[in-house]
Amino acid sequence: MFICAGESEQFDFAVPVGIGMIDVAINLTKLCLDKKPEFLFFVGTAGSYGERNIFDIVTSKTASNIENGFFNANAYTPIDNMVSTAENVSRETIINSSHYITTDKNLGKDYLSKNIHLENMEYYAVLKVAKAFEIPAAGVFIVTNYCNEHAHRDFLKNHKEAMDRLTQYIKEK
């Protein structure tokens, strides 16, 4: 089953499950209880911490939940903040999910040092729910912006073309 965030990121072939980790956790859990999908495939946009370029398309089976405060020792977490459905995580592009969009480009090097290349607000919740229901899952992302002070402006500027490119990519595969 194809799923997506919804609102401005809807696809005619995907079921919207909400924006952000909380809405996704609630709505995807309901969906899995109602009709347990055989596979979950999340489709969405992402911001790049610097090494992936605008309109790059990346697949992943691994997500993290790291807040920016982690890198300057202003925060910690007792939760296991990485989840994966991959057999070999070392070959994965890790997608970070947070409740906030990163706008400080200097943090990019910190994420990259942990092999985290992209940021998407929903993916960690998607994989956590998939693991809880023992459903195989993966995601495909298109880069719309860099995680810097222009993140929102560039996201808006590139969003339509990114959605068109990602739709074409999925339909060809």
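Buried here means under 20% relative accessible area, and by that cut-off helix 3 has Tyr-123, Tyr-124, Ala-125, Val-126, Leu-127, Val-129 and Ala-130 tucked away as buried residues. Keep in mind that this is a predicted model. Helix 3 turns up again in the largest nonpolar core, where it gives the largest share, so that's a handy place to start looking.

**Helix 3**
- Helix 3 runs over residues 123–132, and seven of its 10 residues are buried, so the rest of the structure largely encloses it.
- Just past the end of helix 3, look at Glu-134: its phi is positive, at about 55°.

**Nonpolar cores**
- As a rule, nonpolar side chains in soluble globular proteins tend to be buried together.
- The largest nonpolar core here counts 27 residues, and Leu-28, Leu-40 and Tyr-123 have the most contacts inside it.
- Helix 1 (20–34), strand 3, helix 3 and strand 9 are the elements that each put two or more residues into this core.
- Of those, helix 3 supplies the largest share, with seven residues.
- Set aside the neighbours within four places in sequence, and Leu-40 still touches quite a list: Met-1, Ile-3, Leu-28, Cys-32, Ala-130, Ile-135, Pro-136, Ala-137 and Ala-138 are in contact with it.
- There's another core apart from this one, made of 11 residues, with Ala-14, Phe-55, Val-140 and Ile-142 among them.

**Largest pocket**
- The largest pocket comes out at a volume of about 390 Å³.
- Its lining takes in 19 residues, and the ones nearest the centre are Glu-9, Thr-45, Ile-101, Met-121 and Phe-155.
- Strand 3 (40–48), strand 9 (137–146) and helix 4 (151–172) are the elements that contribute two or more residues to that lining.
- By character, the lining splits into seven nonpolar, nine polar and three charged residues.
- Strand 3 and strand 9 are worth a second look, as they appear in the pocket lining and also in the largest nonpolar core.

**Cysteines**
- Don't go hunting for disulfides, as the structure holds zero of them.
- Cys-4 has no disulfide partner, and the nearest cysteine sulfur, on Cys-32, sits 15 Å away.
- With a relative accessibility of 0%, Cys-4 falls under the 20% cut-off and therefore counts as buried.
- Cys-147 has a relative accessible area of 4%, so this cysteine is buried as well.
- As for Cys-32, this residue is also one of the contacts of Leu-40.

How values were computed:
Residues numbered from 1 in each chain as written. Predicted model: local features only at pLDDT ≥ 70, side-chain atom pairs only at ≥ 80, totals over all residues. Heavy atoms only, no water. Buried < 20%, exposed > 50% of the residue type's maximum accessible area, 1.4 Å probe, protein only. Helix = DSSP H or I, 4+ residues; strand = E, 2+ residues; numbered from the N terminus. 1 Å grid on protein atoms, 1.4 Å probe; cavity = no way out; pocket = protein on both sides within 12 Å on 5 of 7 lines; lining within 4 Å. Points joined across faces, edges and corners; volume = space filled by probe spheres on them. Nonpolar A, V, L, I, M, F, W, Y, C, P; charged D, E, K, R; others polar. Disulfide = S-S within 2.5 Å. Core = buried A, V, L, I, M, F, W, Y, C linked by side-chain atoms within 4.5 Å. Contact = heavy atoms within 4.5 Å.
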